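Me: I would like a close look at one part of this model. Please start from a single loop and work outward to what surrounds it.

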Amino acid sequence: MKPAISILGGDLRQVYLTRLLLEDGWEVCTWGLEQGGGPNGAPLDRALEGSILLLPLPVCRGGRINLPLTDTELEAAKLWPRLRFDQLLLGGMTRELSRTLMADYGLTLLDYYDREETQAANAVPTAEGALQLAMESTDRTIHGSRCLVIGYGRIGRLLADRLLSLGAEVTVSARKYGDLAWSHAWGCQSIQTGALAGRLERFDLIFNTAPALILDGPRLRETREDCVVIDLASAPGGVDLEEARRIGRQVIPAPGLPGKAAPCTAAAAIRDSVYHILEERGEPI
């Protein structure tokens, strides 16, 4: 018999995730998703009885459970003592939280986002969402645009490939020589990230995927006034936003694009990751 699943909070990804799990025959209840039309809503006390608790991505923001689809707030520190040691907690971007919960409360929290299959699946809507933002934010076509992609990880590789297929002139900036070699092999121009200074003026579009401050004040001042910068890195991002506003550069912070651009696809990736975790643990699925 499949265990009961409770989905606590989150965004539209969790709403779609609930529907996908119901379609697969799971017993599911939700809490904190009412503004997104989350099905099978239940009071918190009932939701906390589930054998498997699916937490948001990220689990917490500012010490509170991530609850963008409800007016209710829930401090994380008040939630953990209400849970049982025999429950399985699955959340996204758990970072050091998993270790803390095990040590302080004996709770098992595993990260469904920190898996290669989930990262790869999320790179696709991130790249597509970045292209959508670029098309909506410029007065020129992607075809023929001079684009810089900073970082050549999962997202950077897919994004560079999509830009090339649309006829853009693509330059990849990376720190590792191996990444530069691969980007060159796929038809991109390449430059080390540390050597960007003095070479930014030519770009129409800049996409940052690196989770570090790359476009600081001096580098932003090298960009053209009509250049559009799209920052895909997680907070705090890779662009000095305050300096960008001060000098009048258009920067679009765009973390978490899968949940905004393609929540259904992102939810399917989470579902698959959850199933893989359960399978690895020998749980019924």
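In which loop is the place of Pro236? Please take the answer from there to the strand and helices around it.

Reply: Pro236 sits in the loop between strand 12 and helix 9, the latter spanning 241–247. Keep in mind that this is a predicted model. The peptide bond leading from Ala235 into Pro236 is cis, and its omega is near 10°. Most peptide bonds are trans, and most residues other than glycine have a negative phi.

The chain has another cis bond to look at. Leu57 and Pro58 are joined by a cis peptide bond with omega of about -5°. Pro58 is in the loop between strand 3 (52–54) and strand 4 (60–61).

Two residues stand out by their phi. Met93 is not a glycine, yet its phi is positive, near 55°. Met93 belongs to the loop between strand 6 (88–91) and helix 4 (97–105). Arg95, also not a glycine, has a positive phi of about 50°. Arg95 is likewise in the loop between strand 6 and helix 4. Arg95 counts as exposed, because its relative accessibility is 59%.

Now back to strand 12. Another loop, between helix 8 (217–222) and strand 12, holds Thr223. Is Thr223 buried or exposed? Thr223 counts as buried, because its relative accessibility is 3%. Its contacts, leaving out residues up to four places away in sequence, are Leu200, Ile206 and Arg249. Thr223 and Arg199 are 24 residues apart in sequence, and their C-alpha atoms are 8.7 Å apart in space.

Strand 12 itself (228–231) leads into the core. Strand 12 is one of the elements that give two or more residues to the largest nonpolar core. That core has 26 residues, and Leu159, Leu163, Val170, Phe207 and Ile230 touch the most other members. The other elements giving two or more residues are helix 5 (116–137), strand 8 (146–150), helix 6 (154–165), strand 9 (169–174) and strand 11 (205–208). Helix 5 gives the largest share, 5 residues. In soluble globular proteins, nonpolar side chains tend to be buried together.

Take Ile230 as the example. Beyond residues up to four places away in sequence, Ile230 touches Ala130, Leu133, Ala134, Ile206, Phe207, Asn208, Ile252 and Ala254. Ile206 appears among the contacts of Thr223 as well.

Strand 13 (residues 250–253) holds Gln250. Gln250 counts as partly exposed, because its relative accessibility is 36%. Gln250 touches Ser137, Cys227, Val228 and Val229, not counting residues up to four places away in sequence. Pro284 is 34 residues from Gln250 in sequence and 50 Å away in space, C-alpha to C-alpha.

Next, the helices. Two packed helices are described by the angle between their axes and the distance between the axes.

Start with helix 5 and helix 6. Their axes come within 8 Å and cross at roughly 40°. The two helices are therefore oblique to each other. The crossing is right-handed. On the helix 5 side, the contact uses Glu116, Gln119, Ala120, Ala123, Val124, Thr126, Ala127, Ala130 and Leu131. On the helix 6 side are Arg154, Ile155, Leu158, Leu159, Arg162 and Leu163. By class, this contact has 10 nonpolar, 2 polar and 3 charged residues. Ala130 of helix 5 is also among the contacts of Ile230.

Helix 5 also packs with helix 11 (residues 263–280). Their axes come within 9 Å and cross at roughly 170°. That angle is over 145 degrees, so helix 5 is roughly antiparallel to helix 11. Glu117, Thr118, Ala121 and Asn122 in helix 5 meet Ala266, Ala269, Ser273 and His276 in helix 11. This contact divides into 3 nonpolar, 4 polar and 1 charged residues.

Helix 11 also meets helix 1 (residues 12–23), at an angle of about 60° with axes 8 Å apart. Helix 1 is therefore oblique to helix 11. This crossing is right-handed. Helix 1 contributes Leu12, Arg13, Gln14, Tyr16, Leu17, Leu20 and Leu21. Helix 11 answers with Pro263, Cys264, Ala266, Ala267, Ala268, Ile270, Arg271 and Tyr275. By class, the contact has 12 nonpolar, 1 polar and 2 charged residues.

Methods. Residues numbered from 1 in each chain as written. Predicted model: local features only at pLDDT ≥ 70, side-chain atom pairs only at ≥ 80, totals over all residues. Heavy atoms only, no water. Core = buried A, V, L, I, M, F, W, Y, C linked by side-chain atoms within 4.5 Å. Buried < 20%, exposed > 50% of the residue type's maximum accessible area, 1.4 Å probe, protein only. Helix = DSSP H or I, 4+ residues; strand = E, 2+ residues; numbered from the N terminus. Contact = heavy atoms within 4.5 Å. Axes fitted to C-alpha atoms, helices over the stretch in contact; angles between N-to-C directions. Parallel < 35°, antiparallel > 145°, perpendicular 65-115°, else oblique. Left-handed = near helix turned anticlockwise from the far one by under 90°. Nonpolar A, V, L, I, M, F, W, Y, C, P; charged D, E, K, R; others polar.
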